[in-house]
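Work through the exercises below with the sequence and the model open. Each task is followed by a solution in steps.

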Amino acid sequence: MAAKAAREDGVRSTPERGRRGCEHYDRGCLLKAPCCDKLYTCRLCHDNSEDHQLDRFKVKEVQCINCEKVQHAQQTCEDCSTLFGEYYCSICHLFDKDKKQYHCENCGICRIGPKEDFFHCLKCNLCLAMNLRGKHKCIENVSRQNCPICLEDIHTSRVVAHVLPCGHLLHRTCYEEMLKEGYRCPLCMHSALDMTRYWRQLDNEVAQTPMPSEYQNVTVDILCNDCNGRSTVQFHILGMKCKICDSYNTAQAGGRRVPVDQQ
């Protein structure tokens, strides 16, 4: 009766008795949103249905999905001993299956572990895989920027972040979609992966594709997106190679220079 009355007062209907979790998390309780007093399986379900966001850190109460007892947030139901989550963080109020999660004090939220496989980069302000320690370009607070592809939050996203060689971050799923269309970072145009093999293929294609005689001595000024260097090279329709780093990720920086005898 209490649950029915609560629903009539505007509280979101609860899932079927015994059903665990939602599409986002496996859990045995509902969060009581401190902002609207409605019951939702998780903050994402709440935010998808309401015109405001649930502050996970302010959650004080949960409701057991089995006995429907509303109680203070904890890992196990105080009445029927239902386990709300194999993993529980009392700071984030995260209930879920055990995925080797850990709470990072510097990030301020929980991350999927195991913890020993990650380190927190203080400059990037993000937990990164151990194999990136000392091997990535740091950009201050880069994790607090939105993904340049989908424009959604990276820091608190459930989607793993991918670190580009230039130091910028994308959701891994967005990175994989980006590679279907191109190879450049959408923010700085730096090559997003090792293009060495492709540059060598372009070398062969350029060598096997001579330009018409009227273009053979034409040169252009180019700017390299990879090393930021400038150089003057021979114009070619397939691409202009940086003289500094051998990259073809270049842009024409000036007009074509035609030899005096051809003007």
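The exercises below concern a predicted model and go from the whole chain to single residues and then to pockets.

**Exercise 1. The chain as a whole**

Task: Determine how many helices and strands the chain has, and what percentage of its residues count as buried.

Solution:
- Step 1. The secondary structure consists of 4 helices and 15 strands.
- Step 2. Of the 263 residues in the chain, 41% count as buried.
- Step 3. The accessible surface amounts to about 15,200 Å², and carbon and sulfur atoms make up 47% of that surface.
- Step 4. Among contacts with a separation of 6 or more, 37% are between residues 24 or more positions apart.

**Exercise 2. Backbone geometry**

Task: Find where the cis peptide bond between Gly 113 and Pro 114 sits, and place the positive phi values of Lys 100 and Met 189.

Solution:
- Step 1. Going from Gly 113 to Pro 114, the peptide bond is cis, and its omega is near 10°.
- Step 2. Pro 114 belongs to the loop that runs between strand E8 (109–111) and strand E9 (118–121).
- Step 3. Lys 100 is a residue other than glycine with a positive phi, near 60°. The loop between strand E6 (94–96) and strand E7 (102–104) holds Lys 100.
- Step 4. For Met 189, also a residue other than glycine, phi is positive and near 70°. Met 189 is in the loop between helix H3 (172–178) and helix H4 (196–207).

**Exercise 3. Assigning exposure**

Task: Sort Lys 100, Met 189 and Asp 96 into buried, partly exposed or exposed, and give the reason for each.

Solution:
- Step 1. The relative accessible area of Lys 100 is 52%. The cut-off for exposed is over 50%, so Lys 100 is exposed.
- Step 2. Met 189 has a relative accessibility of 34%, and therefore counts as partly exposed.
- Step 3. Asp 96 has a relative accessible area of 3%. Buried means under 20%, so Asp 96 is buried.
- Step 4. Asp 96 is in strand E6. Leaving aside residues up to four places away in sequence, Asp 96 touches Tyr 25, Asp 26, Gly 85, Glu 86, Tyr 87 and Gln 101.

**Exercise 4. The largest pocket**

Task: Describe the largest pocket by volume, lining and residue class.

Solution:
- Step 1. The volume of the largest pocket is about 800 Å³.
- Step 2. Its lining has 34 residues, and those nearest the centre are Cys 110, Arg 111, Ile 112, Ser 157 and Arg 158.
- Step 3. At least two lining residues come from each of E6, E8, strand E10 (126–129) and strand E11 (161–163). The largest share is that of E10, with 4 residues.
- Step 4. The lining divides into 20 nonpolar, 6 polar and 8 charged residues.

**Exercise 5. The second largest pocket**

Task: Describe the second largest pocket by volume, lining and residue class.

Solution:
- Step 1. The second largest pocket encloses about 500 Å³.
- Step 2. This pocket is lined by 20 residues, with Arg 43, Leu 44, Gln 53, Asp 153 and Thr 156 closest to its centre.
- Step 3. Helix H2 (43–49) and H3 are the elements that each contribute two or more residues to the lining of this pocket. H2 provides the largest share, 4 residues.
- Step 4. By class, 7 of the lining residues are nonpolar, 6 polar and 7 charged.

Methods: Residues numbered from 1 in each chain as written. Predicted model: local features only at pLDDT ≥ 70, side-chain atom pairs only at ≥ 80, totals over all residues. Heavy atoms only, no water. Buried < 20%, exposed > 50% of the residue type's maximum accessible area, 1.4 Å probe, protein only. Contact = heavy atoms within 4.5 Å. 1 Å grid on protein atoms, 1.4 Å probe; cavity = no way out; pocket = protein on both sides within 12 Å on 5 of 7 lines; lining within 4 Å. Points joined across faces, edges and corners; volume = space filled by probe spheres on them. Nonpolar A, V, L, I, M, F, W, Y, C, P; charged D, E, K, R; others polar. Areas by Shrake-Rupley, 256 points an atom, 1.4 Å probe, with all protein chains shown as cover.
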